[in-house]
Structure formats: structure tokens, C-alpha cells
Amino acid sequence: MSTSKLPSLPAVPDTDPSRAVLDSFRIAIAKRLSETLPLTIEQAYAGVDYGKKGEDFTVAVPRFRLPGKIDEIAAKVKEGFQADDFIESIVLDKSFLHFRVNTKNMIREVLNQVDFLTHSSPTGKPEYGSNELGKGKKLVIEYSSPNIAKSFHVGHLRSTIIGAFLANLYKASGWEVISMNYLGDWGTQFGLIATGFEKYGSQEELEKDPIKHLFDVYVKVNKEAESNPEVKLEAANWFKRMEDGDEEALKNWRVWRELSVKKYEEEYDRLNVKFDVYTGESKVSRESMDNAQKRLEEMGLISDSQGAKIINLEKYKLGTPIIRKKDGTSIYLTRDIGAAIERYEEYKFDKMIYVVSSQQDLHLAQFFKILELMGYPWAKSLLHINYGLVLGMSTRKGTVVFLDQIIKEAGLVMHEQMQKNEDKYSAIEDPEKTSLEIGITGIKIQDMAAKRINNYTFSWDRMKSFEGDTGPYLQYAHVRLASIGRKNPHLLPLPPSSQIATDTLAEYPHAREIAFLLGTYPDVVKVALKTHEPSGVVTFAFRLAHAISSAWDTVVVKGEEDLEKARAKMYLYECAREVLAASMRLLSIRPLERIISRAMDAVAFADYIECALGLKIHTTPWTNTLCILMHPFASYVLRTYYKATGWNEDNLYANLTRSSSALLDFTVPHGLHFSVSKSPNALFRTTYAMTALPSLQGSVGYIFTSCDLNVRSSGNVRFKEMIEHFKVYDHPRRPEGKPEEWLAGEKVSTRDYLLYGRYFLPSGRLDALYSTRLTPTIQASIAAISDPPGGALPEMRGRKADLSNIMVNVQHDVGKWCTEYTWSAEDEMWGIRFLHNFGRLGVPSDIPEDVAARRRMKRVDEEDAVEGGLKGRLSVGAELYFSAKEKSAGVSTGIRFTTLPDATPPSFQVPPSDDTQPQPSTPRSLPQPPTTITALFNPMLGHMSGAYTARVSRDLALSSRFDFNVYSFESEWAMGVEWWLRRPAPTIDNGQEDTQLQQSQPDQSPAEEIRGVIKARASTNNDVSLMWEGRLRNMLVSLGVVSDLGSRSKPIKALGLEVAFFSSE
């Protein structure tokens, strides 16, 4: 076992410091009591309880019933006390003594024990929290036990959840456990099914879903039997033949049972429940039942009642149960008696537990009493674990609930909840699997949170909530703990526990609280074994999750300059994660290690969200502080505003990877979306959006600008202005100011600005953006979110009640340089980004032609092509940020090479509309394709990314990106394609109409019209995305699908359609 540095102590029965180190501290307290009071150490130990209100241990002195005054007795314990390796202080509080244990020793011993029993246990499996109280004993536990021909109702689900917990609990306590599913696979109902299957059965439907199909047959034949007594008679005869062993009657039944068991095994596996034995009423031999009846008759316990066999248990207040029908067939009680006898003969168990609802209290009491009267000594070891009813649990449509329906509904409800935030949903590695696991966790926690005997009302809303003590919150807590190691890979692997300075944790009260809670877990397991209550384990898990959440702001790992402290903190959180995971596994819950995809997690847990400009960014750790969700029409208006005011949005470090992102990170619509937008005048726009699938949501937005933007309608808008696509970057230019305007001898303010707002229903979230031009080279913006509780991103839960935030951004662009300054209120985040462009600037549009010609003269600089190389421009940038609240900082760097627009060869250009216009000269060598190459590096997170994007023909662009983490060695290679589709424009004879057509589509030749674009993406993570965007009549349409080639069960991860219409009239 683990090596403790604490002094030796006397042994106390029923304690095991090698598995529960807090036993040592309790023994030390008991030793102090026994040395100062007339008590044995065993008597004293029994009086040492866990304290309340921040106390470690408390002793209620009156419980010892010692002669004398209580305060004088208590004073003897404290008198002459000196702090030692175990006890730090003693406080006398009236009749109570409060003991505080030695902080440094407690933290060290608890963490080392958790680490040792998790990673170095004799069995090689995590053992922290386990004990050997049941060593050498055997338990048979029967639970779930649904009826094959009837619906799997919520009572069976409760039995399954509680039974799985008890099986895990007894295993953790050293028992040998045989988990048994005693199926209702026998009885008169099978006579009805056999009768009805000939009329209503379908072999195809049976193989597809045997449980549901047999239930459907049962319902139909049962309805027929209500009006036709012959059906009941035929069913009874059929079951009699089955009991008599008629092979013809048993043939179909065997097939039905085998198919049903196979289906149940699949469903139980999704619930993380496994049975050692699938048995049933049919497996109880006729011989066992006959021998039991014979023994009861010999003992004079059976009497006849109208041909049936009964047992009078009235003197035990248990009624007169029937054990044999008048036709000689068995009933449930008869089969239970025979099964119990057979199980003892086979397993020689020390205890057998039946997990059955409280509605069956009488039946189980009759059953146990009969076995006791039959003289079986092991009858005393039978135990009925009962539970209350679940109220209100059906599908949301109120239909009959089968197990597969419950599981699917749990996943669907959680899936819909996650889809409410499209940005985060698109970042989830496997949305269906993740939502199913979180949904099942929600059901289990809601079931086990209260005392099992209590009835409770099930709530789908509570099941899916990340707030409060819910299953999703518990999963989130574990995921966040698991992410610490991935975010601090330089600390892993940790050195041996003997080399970790756990003493440094003593200065943090929250660290002490976590460590002490971890130390109590073995006792939580022991108490649960006594009470058979899962609620105690659930309560512990939430207490630990809350303690961890409280520690995030004070016990900070990321950014800790002292390496010894950083390792100690990491050690604390790693141990906390192991214990939280152990408690979840005990509750039959699979702890999730991550929710966000691996490639994204390599940069940051909450990165890769859309920023206030509506553009995806790969290099901005501070963007997790604010996320303005802009409608596509609003993003189009924003880009038009920047173009109209002369602001170059490409000359930003945030948009360094814009070309590759357009091909590799395009957003595929999820579900069904509709939007309508209108521009009632040149300065004001409104937009209305609705999501019909997977859930009904909507939003209302507005945009107001200071200048006329000439926003087009969806029928004639330039297609490439609406879609993020590969583009050739223009020469960076110094932004130009607007001409001065004077009115009546006074200068008129001409400062441009934009106002944007959007209100979401039904969440109540409100987004707002204000952008204004302060000077020709300086632009400022203020973005804000007001998000009520329940609307926040799931990953941000626990930090605040909501995600309301304000962010200020100032951009200074002089062409050669562009600098951004950002401040965020929520994280107290300060950041700076800069981008520098090498080479000459672009020529302003309003200078004389001769001056422009002179400025365009070639110079020998970095823009000239090297022999055999590309001709282009180099840009470098970086970002620095610091969070005062999180006490963390970060840095990233990037470089971009892009070919110049005047290097684009004729084959890549749209043909001019006038054949008489001069054509660009042919290059001396093979023309270079428009190309962008980027490289990014985040040294603190170890993330490297390189991307190559090129337009290989006029309508085809390709991109490839490789992401790699130097600490975790995780990598991803992604490839993307963008293919523009064109069609010949109709021939128009009227010259005026031809001119109008050219004016409405200025980016296209009259011979060809862009009718859409196809984008495709594939990566080494087996993800494939395909999307078509085009124009149908006067509407813009996006249709896309996301597929997981690695999943056989569900290869289609998402499918969506988005339709947009907007008018400028």
C-alpha cells in the first residue's frame, strides 16, 4: 500500500488508513480523547464525527455520558494541547469540541493516497474510495426485469439505474457481484401473443424491433380478447401447452425471447449497464416449483380455495397469496420461490437483493415470509430495495415509453438544447454521441438525487439544464477538469508524488477544502453501503464540483510562474478529477473527457467562435470573452459599410487566415432556417430570422448607418459579396478621410458610424454593436451582450450567472501597419494585435493618373519574384493579451505570404465585357496562381498551424491545412475545395436591357453568370462537410451536410437548409 509519512497510531477496528487516510486523523483525535477522558480508543473513535460549518471533525461531549460538568470535561481535552502532525487546533464550543487537522499533512496524505490508489493499486485499476468490507462474500442482485411483451415503463428504468449503482457499490466494497436481469418472459400474456402473432405478426417488424412489435401484437390481441372470450380460451390453452413442454408451442417463443434479449443488451449498453446473467421466469424449472409446493403441503401451509392453491399469511398481516392456479399453471409468486431456491443452490450467495418498486412491497414480503416458513436459513439474507414512483415521465408527445424511446428522447432533448448555440454546436466533436451521454446523465442524476423511496416528478427541462445540481453540470465540471492538463501540457507528466511540493497548497483555503472533500470519499462509499442510497454519492459529487468551481479564480494553474506551485495545483486538480470520475462511475455514469473537438481544444477550450465582425478567427484567445451572433445579411451590410467608408478589413491580424478559413472552416447550416430582410430606406435595415428545426427559435435585428451603402436585394446582389470565399488580397492602402463639408460657414461632422442590434427569442438574449470612424486611420467599436440565465454558452457555466459582457475595440490602420487594442469587461482582458506589411502601399483612388503611374513604377524589393519563385507580399503579425481576472496571459504569432493582384494571369480573370479592351500582357514564364500561405504559432499552448490556399483556375480554389500541438502531439490535416458554378446568361437583343443586366451584375461577364458555389472539406478526423450555396429565383439558398466516415451507426452528423430573402426597396 501507499507509504505515509505520518507517525504510527493504534489500530482501531473497522478502520483502514491505507484506503481512507482521514481514518488516521480520526484515530489521532480519538487517542487524544482516550488519553484525557475515561474512554477506550474505540469508544472515543465512535464519537468523532465530520464537522459542519467549516469544521473538520466535531465531538459532542454529552454523548459519552461521563459524570461531571460538560464544560469541565471538554476543557480537560483541550488543556495542555500542543499541535502535532495530526491535529492543528482544538476549539471548545459549549458542549462541542471542534478539531482542525494539520493542513499540510492532510493535503499531502490525501492527494498521495488518491494518486497511489488510482494509478498504482495492486489490481491495476482505480481503487480510491473502495474498501474490503465484503471481501470473500457473494451477492446476487436482481434489477431492471422488464416484461418482454409489455412496455419498458419508468419503474423498470428506476430499477435499472438504482440496481446498477448498487452493483457497482458492492463491487467497490469487495463483494463478488452477480448482476441478474430476471425477465418477464413467461405467463398467460405469451399465450395471447402466440395467438395474436398468427393474425397480426410480421417477421420483418419482429427482427427490426422485437420488443415494440410483440407489444403491438399484444395490444391488438388483448383488445380482441375483450370482446371475444374464445381468444382468451385459446391463449390459455396455448400457455398450458408451453408449460407442458410442447415443442411446437415453444418454438416461436424461443425466437421472440432471443431477439428481445439481444435488443435489450444494446439498449443497456447505451445506459452503461451490464448484466452477468439474463434469466427469466421461463428458466425456473417445473421441478423446482413442484418440489416447493410439495414441501409447503407437507408442512401444512397450503390450502385449497375453489381449486387453486393458497397460503394463509393473515397472522403475519400478509394476506392469502395464490401459488398455483386452478388449471395447474404457475403464477409469478410460484416462479419467484422456485427461482430463489435454484439461485442459492447455484451461487451459494451471502446476500440477494431485489430492486423492485414499493408497489410490490406486499408481494416481496409474502415471498420472503414463505421462504422463511419453508425453513431456508438463507431467507434471512434476502433484501428488498424499494423505490418510489416517477411522475410525469413520458415522451413529450405523451406516448407509451419504451427503453429505446427514453434513451432517444434524452439524446434528442439534449441535442436540441446544444443546437441553440450554433457556434458551440459546430465545435462539438460528436454532437449526437455527446448529447446522448449528457442526456442519459441528466436522467440518472435526476433519478438518484433524492431519497429513493420518495416519489419525484421528472422534468425534461431540468434534465437538459447546465445550471444547478443537474447531470449536465456534473459532466461539464469533469470536462473542465480534464481540460486543465490539455491547456498546460508543459506540466505533464507530473513528477512522482514525493517530488511535488504539496505544502504550497496550504496557503489556499479552496485547495484545503477540495483536499479534505477528497479525503471523505471513502466514507461516502461506506455510508452508501449501509443505507443503499445513491443520493449521498450524488450530493458528494456536487459538493466537490462546487468546491472546484469556487477554486478556479484563486488556485490558478495557467500563468503560474512558480513551477513548483503550478505542479502542485495541477496535482490537486488531477486528483479531484480522478475522484469526481470515480463517483460518477459508481453512479454508472460515463465521465466525458472532452466536448470540444481535438483540433480546437489544442488552441483553447472556448476559442474558434465568431467575433463581432462575423468572421471566424484562428488566432484570438481573447475572442472567448464576447461573441456577437450576426445574421448573414447583417454581415453583408457590415462589409458593405467598410467598403463604402474605405476601411480595409483584410488588413487585420485577426483576418490573417481568412482565405484558408473560407474553404476549411465554412459553417454548414444545421436544421431549417428562414430569414427575411428589408431596407426601407438607404440608411436603415431590418432583418427577421426563424429556425424551424430542430427547435423553434427566432430573432429580430436592425442596422442603421450614417451613409448610403447601396445595399442590393437578394435577387441581384453580387454573389461573392454575400459569401466568404478565397480572394486575392489587394495592396494595403492608407485609409482616406472624407472631404470636409461646410454648411452656412460652419464645418459639418461627417463621422461615419454603424449601429446594430439583435434580439433572440425565446432566450431573451440581446446583442448590440456600435462602430464609428474617429479619424481617417482610427476606427472604434463597442460590442455588448445581455444574456439572461439559461442563454449562456454551456462551457461558461459556473463563471457567472450569465454571459453578459462589453468589449471595446480600437483599430489603427496606416496601411503598412495595423494595430488593434481590445478590452473585455467579463474577463478583464486587455489585448493588442499588430500586423505589418512589407513592400509598397497601394495607390489612393483619387490622385492624378500621372502621379499614380509614377508610384506604380517597379522597385527592386521583396515584391519582385525570385527566379523560379512566387511574386507577392509578406505580412507578419502577433497578439498579446492579459486577463486580470484569470491572472493569465498569452501570445501568438503569424506570417502570411500572398500573391499580388497585378500578378493574376489572364486565365484566372473574368473576361472583359468589351472585346476591344486591351488584354494584360502574357507573363514571360508560366503564370503563377493566386496563392496565400499562412503559418501560425502559439508558444504557450504549443499549437502550430500551416495553410496553403490557391486558386488553380478561374472557378476552382483549393486549400490544405495542417495543425499540430508540440506538447500533446495531436494533429489534424484538413483539405478544402471551392468551386464556382456558372451558366450562360440569356441572349438579350434590346441594348438598353443588356446594359441594365451588366449594371446589375458588375462582377460577371454578360456571357456567363455565377449561379452558385460548392464547398467541400475533409480531414483526418473522418469529418466530411459538403455545402452548396446559390440563388433560386430571388432567394439565396444554402444546403449542406456534415458526415462522420468513422461512424457506422450514424454517418450523417448534420443536415441543414437555409433560405434568405432581402429587399432594398
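Two strands count as paired here if DSSP finds at least two bridges between them. With that in hand I went to β11 and β12 (residues 382–385), which run parallel and are joined by four bridges. Note to self: this is a predicted model.

**Entry 1: β11 and its partners**

I looked up one register pair on the β12 side, and Met352 stands opposite Leu382 in β12. Then I checked the pairing with β5 (residues 138–142), where β5 and β11 are parallel over four bridges. On that side Leu139 faces Lys351 in β11.

How many of the five residues of β11 are buried? Four of them are, so this strand (residues 351–355) is largely enclosed by the rest of the structure. The cut-off behind that is under 20% relative accessible area.

I also looked just upstream, at the loop between α12 (332–347) and β11, where Lys348 is found. Lys348 is not a glycine, yet its phi is positive at about 50°. Its relative accessibility is 48%, so I filed Lys348 as partly exposed; exposed would need over 50%.

**Entry 2: whole-chain numbers**

I stepped back for the totals. The chain has 27 helices and 35 strands. Of its 1065 residues, 55% are buried. About 47,200 Å² is exposed, and carbon and sulfur atoms supply 54% of that. I looked up contact order too: among contacts with a separation of 6 or more, 66% are between residues 24 or more positions apart.

**Entry 3: the four-strand sheet**

I traced an open antiparallel sheet with the order β1-β2-β4-β3. Which strands stand at the edges? They are β1 (48–50) and β3, each with a single partner strand, so one side of each has no neighbour in the sheet. Direction ignored, neighbouring strands are turned by 30° against each other on average.

Pair by pair, I noted that β2 (residues 57–60) and β4 (residues 96–101) are antiparallel over four bridges. Thr58 sits opposite His98 in β4. On the other flank, β3 (residues 87–93) and β4 are antiparallel over six bridges, and Ser89 has Arg100 in β4 as its bridge partner.

I checked the turn as well. β3 and β4 make a hairpin with two residues between them, and Lys94 in that turn has a positive phi of about 60°.

Two helices lie across this sheet. α3 (residues 70–78) lies across β3 and β4 and runs at about 165° to β3. α19 (residues 509–531) lies across β1, β2 and β4, at about 120° to β1.

**Entry 4: the α18/α21 packing**

I pulled up α18 (residues 471–487) against α21 (residues 563–586). Their axes are 9 Å apart and the packing angle is about 145°. The crossing of α18 past α21 is left-handed. From α18 the contact includes Leu474, Ala477, Leu481 and Ile484, and from α21 it includes Met570, Tyr573, Leu580 and Met584. What is the make-up of the contact by class? I got 11 nonpolar, three polar and one charged residues. Arg577 in α21 is among the contact residues, and arginine counts as charged.

**Entry 5: cis prolines**

I looked for cis peptide bonds. One runs from Leu492 to Pro493, with omega near -5°; Pro493 lies in the loop between α18 and α19. Another joins Leu761 and Pro762, with omega at about 5°. Pro762 is placed in the loop between β20 (753–761) and β21 (766–775).

**Entry 6: the three-strand sheet**

Last stop was an open antiparallel sheet with the order β8-β9-β10. β8 (302–305) and β10 (322–324) are at its edges with a single partner strand each, so each has one side left without a neighbour in the sheet. The twist from one strand to the next averages 45°.

I checked β8 against β9 (residues 308–311) and found four bridges, antiparallel. Ser303 stands opposite Ile310 in β9.

The loop between β8 and β9 holds Gln306. Gln306 has a positive phi of about 55° although it is not a glycine. Is Gln306 buried or exposed? Its relative accessibility is 77%, so I logged Gln306 as exposed.

Key:
Residues are numbered from 1 along each chain as its sequence is written. This is a predicted model: local features need pLDDT of at least 70, side-chain atom pairs count only at pLDDT 80 or more; totals for chains, interfaces and linings use all residues. Side-chain values use heavy atoms; hydrogens and water are left out. Buried means under 20% relative accessible area, exposed over 50%, partly exposed in between (1.4 Å probe, protein chains only). Contact means heavy atoms within 4.5 Å. Accessible areas come from the Shrake-Rupley method with a 1.4 Å probe; for residues, only the protein chains shown count as cover. Axes are lines fitted to C-alpha atoms, for helices over the stretch in contact, and angles run from 0 to 180 degrees between N-to-C directions. A crossing is left-handed if the near helix is turned anticlockwise from the far one by less than a right angle, and right-handed if clockwise.
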